[in-house]
Amino acid sequence: MKTTHKNTWLALVLMVLPLVGKAQVSNLDFEIWDHPVTEAQFSNLPTGWLMLAPGNTEPSSLDIFYAPPTTNAQNGDYALTVCNWYNYMKDVAIQIGAYNTRLSVVRGFYKYTENSLLGNTDNVIDTAQVAVYMTRWNSATSKRDTVGTGIANLSAATNYTPFTSTITYVNATVLPDSVRILIDPSMLRRGTESFIVQNGFGSFLTIDNLSLADEQTAGLEEQEPAFRLYPNPVADLLYIDGFSGMVEVFDVNGRQVQTTSLQTNEAFVAEHLQTGIYMLQLSDGKHVTRTRIVKK
């Protein structure tokens, strides 16, 4: 069975696609949507994300993902579903942001219903992909150089399944100036291999709660909480039953955004946090626990 392929199309996109704005990446939990959230197809777009049609070198704000927001989320209210439909329609989600530190890993949760594809010589089981490219503008060539790459190839999963992809760098000292995240549901029109749909009508990838970690905070692995936290998602106050100690809060980029000391039965005030996903590190002198919360 032939399973290897080249990401020629993605490489072209990375070389010529300009850096859009100066914003950091956002909405990695897909809780915020530009348009009113409905169950209608071609009606919704997650804030901060664009659709990159196969063959195009630039995403368009006019393109809308085929599938509506997924309400069966891993955490929170919504998740993103991208898909290919037969051999003529495909969603690829992309987000581009300014980023000048070396990310180490990308993590997230996914579900995937795959298809059987007909290749040049053999049938191939479809594979989804979440790819992170750290790039830097090269003024000498007027193109972007890819300085770091992390690719997670995702196989079939009925229930939400965690994934982690390590980002490797071509040079130990060069810093990126941007990050590009692509969520690709199918090998169809991804590279030089020619595929057609063999069985069924498409492959469907659902992604939720992505997070990025830099080299200093890559060790912040999520653990089973030693304390009961509620409500989660949280709007204003987060209660941590029986906890007394230090609470450290990290954003999706691994940066510490708050440190707070709590007494027993004292609520953690979350109202000032921006909407998104955060990692909480709880230290009570006996346990050190790390767990995710979602700020509504």
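Is Lys 295 buried or exposed? In this predicted model, Lys 295 has a relative accessible area of 7% and is therefore buried, the cut-off for that class being under 20%. The residue belongs to strand 21, which covers residues 288-295.

The surroundings of Lys 295 can be described from its contacts. Apart from neighbours within four places in sequence, Lys 295 touches Val 234, Ala 235, Ala 270, Glu 271, Leu 273, Gln 274, Thr 275, Gly 276 and Tyr 278. Two residues of this list also offer a backbone oxygen to the lysine side chain. A polar atom of that side chain lies 3.3 Å from the backbone oxygen of Ala 235, and the side chain reaches the backbone oxygen of Leu 273 at 3.4 Å. With respect to Glu 31, Lys 295 is 264 residues away along the chain, while the C-alpha atoms of the two are separated by 9.4 Å.

Strand 21 is one of 21 strands in the chain, which also has one helix. Of the 296 residues, 51% are buried. Among contacts with a separation of 6 or more, 71% are between residues 24 or more positions apart. The chain exposes about 13400 Å², of which carbon and sulfur atoms supply 50%.

A further polar side chain is found in strand 20, residues 276-283, where Gln 281 is located. Gln 281 counts as buried because its relative accessibility is 11%. The side chain of Gln 281 is joined to that of Arg 290 by a polar contact of 2.6 Å.

Strand 12 presents a case of burial along a whole element. Spanning residues 178-184, strand 12 has seven of its seven residues buried, so it is largely enclosed by the rest of the structure. Ser 178, Arg 180, Leu 182 and Asp 184 point one way from the strand, whereas Val 179, Ile 181 and Ile 183 point the other way; all are buried. Strand 12 pairs with strand 4, residues 93-98, in the antiparallel sense over six bridges. One of the partnerships here is that of Ala 93 with Ile 183 of strand 12. Strand 12 also pairs with strand 8, residues 128-138, again in the antiparallel sense, over seven bridges. In this pairing Val 132 stands opposite Ile 181.

Strands of a sheet pair through backbone hydrogen bonds, in either a parallel or an antiparallel sense. An open sheet is formed by three strands in the order 15-16-19, with antiparallel pairing. Strand 15 (229-230) and strand 19 (268-269) stand at its edges with a single partner strand each, so one side of each is left without a neighbour in the sheet. Strand 16, residues 237-240, is joined to strand 19 by two bridges, and these two strands run antiparallel. Within this pairing, Leu 237 has Val 269 of strand 19 as its bridge partner.

Residues of this sheet also appear on the surface. Leu 237 and Val 269, together with Tyr 230 and Tyr 239, form a nonpolar surface patch with about 300 Å² of accessible area together. Tyr 239 lies in strand 16. With a relative accessible area of 34%, Tyr 239 is partly exposed, whereas Lys 295 in strand 21 is buried at 7%.

Methods:
Residues numbered from 1 in each chain as written. Predicted model: local features only at pLDDT ≥ 70, side-chain atom pairs only at ≥ 80, totals over all residues. Heavy atoms only, no water. Pairing = 2+ DSSP bridges. Helix = DSSP H or I, 4+ residues; strand = E, 2+ residues; numbered from the N terminus. Buried < 20%, exposed > 50% of the residue type's maximum accessible area, 1.4 Å probe, protein only. Contact = heavy atoms within 4.5 Å. Polar contact = N/O pair within 3.5 Å; in protein donor to acceptor, adjacent residues only side chain to side chain. Patch = residues over 30% accessible without salt bridge, like charges linked within 9 Å, V, L, I, M, F, W, Y side chains within 5 Å. Areas by Shrake-Rupley, 256 points an atom, 1.4 Å probe, with all protein chains shown as cover. Salt bridge = Lys/Arg side-chain N within 4 Å of Asp/Glu carboxyl O.
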